[in-house]
Amino acid sequence: MFSISADHISLGLVFNACFLVINAAEIPTKLNLEKEAENNNELQTRQARHVQQQQQATDLQQQNALSSGIQKRVADYSYDHHEDHHHHQEPLKGYWKKKLIWKPGWIKEWKEAKKQIWKPSWKKIWKPIWVETKKQAWKEIHVPDWKKIYKPIWVPISVPAWKEIQVPEWKKIYKPIWVPISIPAWKEVKVPDWKKVYKPVWKHIEVPAWKEYQVAAWKTIWVPELVKVPVPGKKPLGTDHHGWEYIAHDLWKKKVVWKPHYKKIWKTAKKQIWIPEKKLAWKEEWKQIWRIEKKQIWIKDKKLAWKEAWKQEWKTVKKQIWVEEKKLEWKEAWKQVWRTEKKEIWIPDKKLEWKEDWKQIWVPDWKTIWVPYWKKIWRPVWISEWFPIQPEHHHHEEHHPEPSPHGWDRSDRVARSKEVQTQEANLATNTEKSSITDGQGIKFPSQ
């Protein structure tokens, strides 16, 4: 797996911001779309140029650091060697060894992306138009006609009338007289009677009551127990760092099951008993009393009555007579008049109708485009590293090789020089035979 650098993240954020700006824009015209495409291409070119400049600056810094480290190492070694041997100056001996290192780099690749575009489409609309039509109308005209009229005339007639005259009449009247009568009345008298009364007495009875006592009973209680239950199907357990996916089959899980148990308990029950008590009861008895009653009697009285009688009177009545008068009547006649009639005519008119039409609109659509992005890779680079060789010193005393000031043991310098020469020859031969290109047959180091 490759690590993602800060430049890569910033580049991705820049591209995401560009896509958000494009999607949030209003409906552009064709000229705006072409202008935005040119701006996007120019922005991508600038970003690629910026990434390339940063990569070149990084490579230059690494080369300068490597060369300065080698020069410092050679200078330190020469200085230490000069201090150890003041009596003679010998040329600095050593060998260059090629070393394969991995250098980070960036390659430009293309990936698919979705870009919102606006494509033309046709929408069916209805627009109003005026259509010439004719509508019905009525025109007033005058036509001759004969009208029936009535003229007033006076006609002599006899009309009835009423004349008042006096005629004799007998009237029935009523005179008041006193008539002796007997009217009923009520007189109060006492008569013997028997009345039923109730006397309180105590009566022995038994009343029910409830007595509590303990009875045995069984109570169901539920006890939790853990049981193993198979889980059907498969369950993904995730992937490891190599990308291998792990799936578990035939799993078991623990499940809590409630099992019933019976426990003996004592509960309180009620039993009916009878308790003797005294009750206040009422006993019937008869008692003689005197009650007052009313007795009907007749009392003499007189009543005012009316007696019929006849009396002669004169009444006014009406007698019919005939009186000469004149009556106004209406006689028929004909008169020529002009009446107004309506004649049907057709006049031009306009009618609003809806005509089918098509309108061009722009609808959003997604276009697949290829956008550049920078991928970090590791390239093999051969560098030359200087390894100094400490010269031998012949003394009369027992030879004890001194350790190198840099911690390198050069006691086997002769054998190592031969081994180095052999390795350089093999390396040169292999280099000539195999031409290594960037990214071909190279295993990148995992981070």
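Here are some questions and answers on a predicted protein model.

Q: What makes up the fold, and in what order do the elements run?
A: The protein has three helices and two strands. Starting from the N terminus, you read α-α-β-β-α.

Q: Why is the pair of Y95 and F387 called stacked?
A: A pair of aromatic rings is described by the distance of the centres and the angle of the planes. For Y95 and F387 the centres are 5.3 Å apart, with 20 degrees between the planes. Rings pair if their centres lie within 6.5 Å, and planes under 30 degrees apart count as stacked, so this pair passes on both counts. It belongs to a set of two aromatic pairs in the structure.

Q: What makes this a link between distant parts of the chain?
A: Y95 sits in strand β1 (residues 93–239) and F387 in strand β2 (residues 245–389), and 292 residues separate them.

Q: How do you know whether Y95 and F387 are buried or exposed?
A: Buried means under 20% relative accessible area. Y95 comes in at 13%, so Y95 is buried. F387 has 18%, so F387 is buried too. Across the protein, buried residues make up 12% of the 447 residues.

Q: Why is K228 said to lie over the face of W252?
A: The cut-off is NZ of Lys within 6 Å of the ring centre and within 35 degrees of the ring normal. K228 is at 5.3 Å from the ring centre of W252, so the distance part is met, and K228 does lie over the face.

Q: What about K326, and which ring does K326 lie over?
A: That one is W154, with K326 at 5.5 Å from the ring centre. Against the limit of 6 Å, the distance fits here as well.

Q: What makes up the nonpolar patch on the surface?
A: The patch consists of I177, V179, I181, I183, I297 and I299, with about 390 Å² of accessible area together. Strands β1 and β2 each supply at least two of its residues, and β1 gives the most, with four.

Q: Why is V179 called partly exposed?
A: V179, a residue of strand β1, has a relative accessible area of 31%. Partly exposed runs between the buried limit of 20% and the exposed limit of 50%, so V179 falls in that range. Patch residues need over 30%, so V179 clears that bar as well.

Q: How much of the accessible surface belongs to carbon and sulfur atoms?
A: Of about 38500 Å² for the protein, 55% belongs to those atoms.

Methods
Residues are numbered from 1 along each chain as its sequence is written. This is a predicted model: local features need pLDDT of at least 70, side-chain atom pairs count only at pLDDT 80 or more; totals for chains, interfaces and linings use all residues. Side-chain values use heavy atoms; hydrogens and water are left out. Buried means under 20% relative accessible area, exposed over 50%, partly exposed in between (1.4 Å probe, protein chains only). Accessible areas come from the Shrake-Rupley method with a 1.4 Å probe; for residues, only the protein chains shown count as cover. Rings of Phe, Tyr and Trp (its six-membered ring) pair if their centres lie within 6.5 Å; planes under 30 degrees apart count as stacked, over 60 as edge-to-face and the rest as tilted. Patches are made of residues with over 30% relative accessible area and no salt bridge: like charges are joined within 9 Å, nonpolar side chains (Val, Leu, Ile, Met, Phe, Trp, Tyr) within 5 Å. A salt bridge is a side-chain nitrogen of Lys or Arg within 4 Å of a carboxyl oxygen of Asp or Glu.
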